[in-house]
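Dear colleague,

Here is the structure I promised to pass on to you, and below it I have written out what was found, so please keep it open while you read.

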Amino acid sequence: MSVIEATALPGRTRNALAWMRANPLIAAGGFMVLVIVVVAIFAPLIAPYPGDAGYATHPLDIFKPPSTKHLFGTDNVGRDIFSRVVYGTRVSPLIALAVVAIASVVGVTVGLVAGFLGGIVDEILMRITDVFLAVPALLLALAFASVLPQSTGSTILAITISWWPWYARLARGEAASVSRRRYVETGRVLGLSRLRLLTRHVLPNATTPVLVQASLDFGGVILTAAALSFLGLGAQDPTPDWGLMVNEGRSFFQTYWWAVTFPGAAILFSAAAFNLLGDGLRDRLDPRRVVGR
Amino acid sequence: MKLEIADLKVAFDGRVVAHVPELEIASGESVGVAGESGSGKSMTAMAILGLAQRLGADVEGSIKLDGHELVGESERNLRAIRGRRIGMIFQSPSSAFNPVLRTGYTFGRVLALHGIDSRRARRAAAETALAEVRLRPRVLDRYPHQLSGGELQRVAIAMALALHAELLLADEPTSALDVTVQAEIFEIISRIRETESMALLFISHDLAAVAEITERVVVMRAGEVVETGATRAVVDAPAHPYTRALFDAVPVLGGEASGAHDR
């Protein structure tokens with residue numbers, strides 16, 4: 001941007017622009033997340049057929065291709081896919097965000113404590129983690145989903161249970177290596193409490209890989225939730241879950257491409273949004289990446 | 001201040017890794033401990049700080065600080081001494097600082113830990129100490145990776161200064177730095193020894209460095225002291241063949257030291 005253009009703007013706008021240029025990833029990811037949030041809040045105003053996110057069916061409008069009337073076309077019972085994708089912002093991203101957030105908090109806590117304390121505590125915690133890792137993730141999620149009452153909360157819980165051990169493993173390895181660094185040793189020697197060492201010295205230096213992994217997992221969680229729905233254990237039909245819509249549309253994909261494509265694009269968009277945000281945050285949180293001033 | 005070591009033995013599973021029959025350091029003195037890797041020189045330092053036990057070693061003998069026995073002292077009391085009365089600097093300053101914290105934060109915490117409660121007092125003490133090692137207060141706002149190894153080592157020295165440590169324990173403090181920076185660090189240490197009458201225990205494998213900065217030296221090999229005496233005398237006429245070998249390992253071009261040895 002030229003100097004003249006920049007100085008013509010009021011100070012605050014100029015600062016915001018400068019900040020965005022310095023943190024393009026956060027700006028882009030943040031903007032995309034904002035779009036999702038705004039759509040979720042104003043879904044009833046944006047969706048042309050709010051009823052189609054529920055039990056409504058329109059037998060005469062089955063599989064209409066995208067048009068001005070139905071922006072994304074209609075599905076196998078004639079529902080407006082655009083309306084369902086819009087309402088889907090209230091389902092899929094929330095599930096994914098909840099799973100990734102809870103799983104990373106639990107995983108990081110377990111991994112950090114194990115890696116930092118070492119010895120018998122490490123053994124016990126990691127063997128428990130191994131038990132969870134030994135069962136295929138989807139199978140484990142299925143097992144829990146089948147015994148829990150069918151609800152969004154149960155879906156979140158079931159996936160979280162199969163998800164956290166990966167973060168625990170990742171965090172444990174980092175924590176173990178960071179805990180041996182001199183500044184942690186010195187802190188120990190100087191009598192810092194274990195809690196302080198953990199939160200102030202080990203945690204900030206050990207979480208980067210988990211943060212990156214978590215931001216990459218966002219799309220994966222949406223698809224796992226979809227697989228649960230597909231097997232009859234996650235969100236069920238009228239719920240406008242993107243993953244569920246992709247799964248349902250799959251069998252018609254060769255003739256009616258729009259039934260899969262648009263919900264799929266929504267998953268891609270939200271996954272990319274959190275991915276960019278995660279990447280940007282990683283860069284921002286690591287002081288070594290800040291250009292020396 | 002007076003540190004007296006008598007018949008100190010550090011052992012792992014009954015195997016003695018460091019044995020120091022006698023060593024005394026008084027205020028303003030400068031003593032070197034030289035030896036190759038595994039000679040027990042660092043373990044001696046660890047024992048003085050009460051850290052050898054933490055590593056699982058058995059420590060016997062006596063280490064007295066102003067007549068107060070440190071061997072067998074409680075962890076709590078040792079903590080009050082470490083950092084405060086006995087300052088420490090290590091080989092690689094970059095790993096001694098937490099990379100995500102500004103040096104000023106680390107500096108402040110160390111001072112707070114040793115009882116300087118007011119924020120302003122901590123800042124003032126830090127700035128005064130930094131001035132003594134010729135650093136600007138600005139370095140407190142920097143992250144460790146933004147400072148050079150020499151600057152970080154000087155920050156570490158300033159921490160000991162700010163707490164008015166009576167003894168500075170330096171374990172290979174310049175081995176990771178280049179020669180010109182080493183000279184600068186040595187110059188600073190020598191000066192604060194005079195102004196603050198701070199004692200120095202300098203641990204190094206580099207006899208040339210030891211010769212430059214210490215008055216007395218203890219040469220160790222395989223856990224035993226093989227030679228001890230005034231640095232000048234030991235350098236000029238090494239009595240033990242190991243000391244001679246250690247000295248021959250130092251590549252010196254011309255210079256006083258090699259000339260002295262050739263005699």
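In this predicted model, helix α10(A) passes helix α11(A) in a right-handed crossing. Helix α10, which covers residues 182-189 of chain A, and helix α11, which covers residues 194-206 of chain A, pack with their axes 10 Å apart and at an angle of about 160°. Because angles over 145 degrees count as roughly antiparallel, α10(A) is roughly antiparallel to α11(A).

If you would like to find this contact yourself, look in α10(A) for A:Y183, A:V184, A:G187 and A:R188, which meet A:L197, A:H201 and A:V202 in α11(A). The residues of this contact divide into four nonpolar, two polar and one charged.

Next comes the nonpolar interior. The largest nonpolar core has 147 residues, and among these B:A47, B:A158 and B:L201 touch the most other members. Helix α9 of chain A, residues 152-179, gives the most to this core, with 13 residues. Leaving aside residues up to four places away in sequence, B:L201 touches B:I25, B:V31, B:V33, B:A45, B:L167, B:L169 and B:A170.

Finally, how many residues of chain B are in contact with chain A? There are 16 of them, and they are in contact with 13 residues of chain A. On the side of chain B that touches chain A, α3 (93-96) and α4 (103-113) of chain B each supply at least two residues, and the residues of that side divide into nine nonpolar, five polar and two charged.

With best wishes

Conventions
Residues numbered from 1 in each chain as written. Chains lettered and ligands numbered in written order. Predicted model: local features only at pLDDT ≥ 70, side-chain atom pairs only at ≥ 80, totals over all residues. Axes fitted to C-alpha atoms, helices over the stretch in contact; angles between N-to-C directions. Helix = DSSP H or I, 4+ residues; strand = E, 2+ residues; numbered from the N terminus. Parallel < 35°, antiparallel > 145°, perpendicular 65-115°, else oblique. Left-handed = near helix turned anticlockwise from the far one by under 90°. Contact = placed C-beta atoms within 7 Å. Nonpolar A, V, L, I, M, F, W, Y, C, P; charged D, E, K, R; others polar. Core = buried A, V, L, I, M, F, W, Y, C linked by C-beta atoms within 7 Å. Buried ≥ 20, exposed ≤ 12 C-beta atoms within 10 Å, placed from the backbone.
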